[in-house]
Amino acid sequence: MSQHSVEKSICTVRDALAEAKSVVVLSGAGISAESGVPTFRGQGGLWRQYRATDLATPEAFARDPKLVWEFYNWRRELLEPLRPNAAHLSLAKLENRLSSFVLITQNIDGLHQMAGSRNVLELHGNIWKVRCTACGRLTEDRRVPLPLLPTCEDCGALLRPHVVWFGETLDPGILDRAYEEVLRCEVMLVIGTSGTVQPAASMGMLAGRNGALVVEINLEPTPYSDIYSVSIAGKAGEIVPQLF
Ligand code: BJW
Ligand code: ZN
């Protein structure tokens with residue numbers, strides 16, 4: 001993508017955002033990459049080092065909860081010192097300017113909230129929360145490392161990370177709200193996601209079919225790059241602050 005076409009695309013998006021009353025953002029691991037969070041796929045990706053099926057499935061947790069918890073403790077340790085980058089911070093500012101703004105994120109790192117975003121829908125949960133496998137009690141626990149194996153204060157059963165593993169359904173309340181916003185927004189920004197994991201991957205396409213201007217910001221092309229209205233190749237931390 002030439003510098004000229006990047007600049008032209010940025011202008012198109014700037015104009016659309018200046019007019020728009022309702023904006024939705026869908027973010028993925030790429031938006032946190034410049035903060036130091038490893039992505040899942042591609043170079044240096046977590047799933048290149050570890051097999052997702054060994055660590056991020058309910059079967060893996062049932063087989064070896066200690067191994068899975070050690071993986072999440074390592075990720076918590078990695079995330080603890082990290083801070084939001086220019087992309088997270090710009091989106092928090094954009095929210096203040098709009099009457100309708102929803103940030104749908106697949107990320108579990110909590111960096112959007114740390115940047116000041118308020119209307120955040122976490123599709124895949126949050127690594128700083130733990131959930132009881134028996135009674136469902138949900139609590140925030142930011143200890144690093146978390147003493148293993150953690151148990152529920154109410155019922156004594158095993159706690160698990162409050163994240164959505166492969167094969168698990170997403171929280172229906174959160175998913176319904178996400179679809180509602182996707183279907184009524186005028187502009188949707190799809191930032192730093194490879195578009196491989198459903199149901200998040202198809203949300204941009206749904207917004208587009210419903211008439212929204214859908215803008216992708218990604219270092220690499222994705223299966224949706226040619227379908228979206230605009231696709232901008234570049235780093236989120238560099239492109240997003242230029243959009244408004
Ligand atoms: C930059 C950048 C920079 C880098 N600037 N960009 C329909 C069809 C086929 C399969 C399914 C289907 N429906 C459901 C499924 C099964 C499955 C699925 O989608 N499988 C596919 C792999 C085929 N989905 C599920 O199981 C979901 N559940 C569900 O739908 O329930 C109903 C159901 C169940 C079973 C069957 C059918 C229906 C649950 C999915 C849960 C995903 N969980 C994870 C782990 C979370 C916990 C943890 O972190 O440990 O969520 S997997 C992992 O992938 C994580 C992410 O949120 C998710 C998406 O990854 P993301 O964010 O896109 O990251 P990457 O690494 O893939 O991409 C990074 C991108 O950034 C790249 O494009 C880079 O270029 C870019 N980038 N630096 C801009 N600086
Ligand atoms: Zn319990």
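**A tour of ligand 1 and two cis bonds**

Start at E34: one of its polar side-chain atoms lies 2.8 Å from a nitrogen atom of ligand 1. Keep in mind that this is a predicted model.

Next, select A29. Look at its backbone, where a polar atom is 2.8 Å from an oxygen atom of ligand 1. Then go to G192. Here too the backbone supplies the polar atom, and an oxygen atom of ligand 1 is 3.2 Å away from it.

Now show the surface of ligand 1. On its own, ligand 1 exposes 1,500 Å². The protein buries 76% of that area.

Zoom out to the surroundings. Ligand 1 sits in the largest pocket. Colour two helices, α2 (30-33) and α6 (65-79): these are the elements that give two or more residues to the shell around the ligand.

Select the whole shell. It holds 35 residues. The closest to ligand 1 are R41, Y72, T193, S194 and N218, so labelled sticks for these five make a good view.

Colour the shell by class. You should find 15 nonpolar residues, 14 polar ones and six charged ones.

Now colour by domain. Domain 1 takes in 3-37, 83-124 and 169-243. Domain 2 takes in 38-81 and 125-163. Where does ligand 1 lie relative to them? Both domains give residues to the shell, so ligand 1 lies between them.

Leave the ligand for the last stop. Select P145, in the loop between β5 (138-140) and β6 (159-163). The peptide bond that reaches P145 from V144 is cis, with omega near -5°. Move on to L149, also placed in the loop between β5 and β6. A cis peptide bond joins L149 to L148, and its omega is about -15°.

Key: Residues are numbered from 1 along each chain as its sequence is written. Chains are lettered from A and ligands numbered from 1 in the order in which they are written. This is a predicted model: local features need pLDDT of at least 70, side-chain atom pairs count only at pLDDT 80 or more; totals for chains, interfaces and linings use all residues. Side-chain values use heavy atoms; hydrogens and water are left out. A residue is near a molecule or strand if one of its heavy atoms lies within 4 Å of it. A polar contact is a pair of N or O atoms within 3.5 Å; within protein, one must be able to donate a hydrogen and the other to accept it, and residues adjacent in sequence count only if both atoms are side-chain atoms. Accessible areas come from the Shrake-Rupley method with a 1.4 Å probe; for residues, only the protein chains shown count as cover. On a 1 Å grid over the protein atoms alone, a cavity is a set of points where a 1.4 Å probe fits but cannot get out, and a pocket is an open set with protein on both sides within 12 Å along at least five of seven lines; lining residues have an atom within 4 Å of a point. A molecule sits in a cavity or pocket if more than half of its atoms lie within 2 Å of its grid points. Helices (H or I, at least four residues) and strands (E, at least two) are DSSP runs, numbered from the N terminus. Ala, Val, Leu, Ile, Met, Phe, Trp, Tyr, Cys and Pro count as nonpolar, Asp, Glu, Lys and Arg as charged, and the others, Gly among them, as polar. Domain bounds come from an automatic or database domain assignment.
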